[in-house]
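Reader: I have a model on my screen with ligands in it. Can we go through it briskly, ligand by ligand?

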Amino acid sequence: MAWPTYGPDFKEVYVTVRNDWTLVEVQQLFALPFMDLMFQAQSVHRRYQEPNSVQISTLLSIKTGACPEDCAYCPQSVRFDTGLEAQELLEVDAVIARALAAKESGATRFCMGAAYRSPKPKDLRKVLAMIREVKSLGMETCATLGMVTPEQAQELKAAGLDYYNHNLDTSPQYYQKIISTRTYQDRLDTLQAVRDAGMNVCCGGIVGMGEEAQDRAELLHILATLPAHPESVPINRLVRVAGTPLADSAPLDPFDFVRTIAVARILMPRCHVRLSAGRSDMNDELQALCFLAGANSIFYGEKLLTTGNPDTAQDQSLFRRLKISAEGAGGEPRAGLPMGGNPRAGLPAAAV
Ligand code: SAM
Ligand code: DTB
Ligand code: SF4
């Protein structure tokens, strides 16, 4: 099928949310001239999403490092010497304090990440307590704890977990070059368990690991042909951490990163596409291009799990310059800001 640029058939192609994309169609989207791709992505974005609103999440590493897995990108694997200091699972009170601070600064979603292959029963009990407490603060909850069984997924749901993050990372072929300690199918099984338990799925990948455009197309094709699209799709740009096998990966052409976001937006019109890891190395102009391509979610706060994220002041400035508002952050209008805002948040609040 030839892809339309803007024209009469454009409407037909984009009015429905599809789960039957073919790989060829996805490849054709990647192959479009950049301007055509951006135009189509922005058109889809405007049809399904608030064009000037971005969701804000805060991320906390609740258990850091010493992970038995061998994910070649990851500073937390016990197999690589990255100089990272390992930390046991945090106490519930410490997590609540961090969630409260995140809420004060305007975050509506709190994500807890743990360097586990899969959670052990004793640790899961503590994480369930964290989820209950964070939920009771009125925040959306998200966790990423590695593989989970259907029973564990049900326990997480019962504790009030809204989203579970578990990434496919890349194509099935390229995956084998990156991780040997768990299979692609293991990951799909966890996603199924999360879905069956009634939670929202947060699933995406990493680009810039030396993969080809074909691998990025396959990853997005798999995500977009799941029985239900993930509600959140994080697109991470590899953070090249010294000591990991991918530390010296060739930098990705920034336009290829933007293309990945644009194709994700076209394939999965209703999801939040998260401009996830890698923002520290992006200038404001590149981030603006990512928002134009359909990204509408970021992690806010000076740290991701173990690596850096832009200063909050820098993000506030970017949002103001672009007149982007923070999705769902209520509060009183703030004098001097075009969009109103939460006085404590520093980020303009959503106008709707
Ligand atoms: N241990 C759990 C797991 O892997 O499922 C949860 C935490 S893990 C750090 C969450 C995700 O972070 C990974 O799936 C990967 O996509 C992303 N990630 C880890 N290291 C990264 C890096 N250096 N650059 C970009 N993304 C990274
Ligand atoms: C996701 O896809 N990206 C976030 C979140 N899910 C948990 C994690 C990014 C981690 C980047 C490397 C680090 O800070 O350790
Ligand atoms: Fe462990 Fe997750 Fe890092 Fe893989 S990505 S090494 S599972 S913390």
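Reader: How far is the polar side-chain atom of T306 from an oxygen atom of ligand 2?

Author: This is a predicted model, and the distance is computed from its atoms. T306 is among the closest residues to ligand 2. Its polar side-chain atom and the ligand 2 oxygen atom are separated by 2.6 Å.

Reader: Which residue has a polar side-chain atom 3.3 Å from a nitrogen atom of ligand 2?

Author: Start with the oxygen side. A polar side-chain atom of T307 lies 2.8 Å from an oxygen atom of ligand 2. The contact to a nitrogen atom of ligand 2, at 3.3 Å, comes from the side chain of S276.

Reader: What share of the area that ligand 2 exposes when taken alone does the protein bury?

Author: The polar contacts of ligand 2 include one from S276. Taken alone, ligand 2 exposes 400 Å². Of that area, the protein buries 88%.

Reader: How many charged residues are in the shell around ligand 2?

Author: The shell around ligand 2 holds 14 residues. Seven are nonpolar and seven are polar. The count of charged residues is therefore none, with Gly counted as polar.

Reader: Which residue offers a side-chain N or O atom 2.9 Å from an oxygen atom of ligand 1?

Author: Two backbone contacts can be set aside. A polar backbone atom of Y73 is 3.0 Å from a nitrogen atom of ligand 1. A backbone N or O atom of A114 lies 3.2 Å from a nitrogen atom of ligand 1. The side-chain contact to an oxygen atom of ligand 1, at 2.9 Å, is made by N167.

Reader: How much of ligand 1's exposed area does the protein bury?

Author: N167 touches ligand 1 through its side chain, at 2.9 Å. Alone, ligand 1 exposes 550 Å². The buried part of that is 91%.

Reader: How many charged residues does the shell around ligand 1 have?

Author: In total, 17 residues surround ligand 1, D169 and V239 among the closest. Nine of the shell are nonpolar and five are polar. The charged residues number three.

Reader: Where does ligand 3 sit?

Author: The residues around ligand 3 include C67, C71, C74 and R182. By class, this shell has six nonpolar, one polar and two charged residues. The space that ligand 3 takes up is the largest cavity.

Reader: Over which residues does pLDDT stay under 50?

Author: The mean pLDDT of the protein is 88, and 89% of its residues reach 70 or more. Where pLDDT is low, predicted coordinates should not be read in detail. The stretch under 50 has 37 contacts beyond four places in sequence, and spans residues 330-345.

How values were computed: Residues numbered from 1 in each chain as written. Chains lettered and ligands numbered in written order. Predicted model: local features only at pLDDT ≥ 70, side-chain atom pairs only at ≥ 80, totals over all residues. Heavy atoms only, no water. pLDDT = per-residue confidence, 0-100. Contact = heavy atoms within 4.5 Å. Near = heavy atom within 4 Å. Polar contact = N/O pair within 3.5 Å; in protein donor to acceptor, adjacent residues only side chain to side chain. Areas by Shrake-Rupley, 256 points an atom, 1.4 Å probe, with all protein chains shown as cover. 1 Å grid on protein atoms, 1.4 Å probe; cavity = no way out; pocket = protein on both sides within 12 Å on 5 of 7 lines; lining within 4 Å. Sits in = over half its atoms within 2 Å of the grid points.
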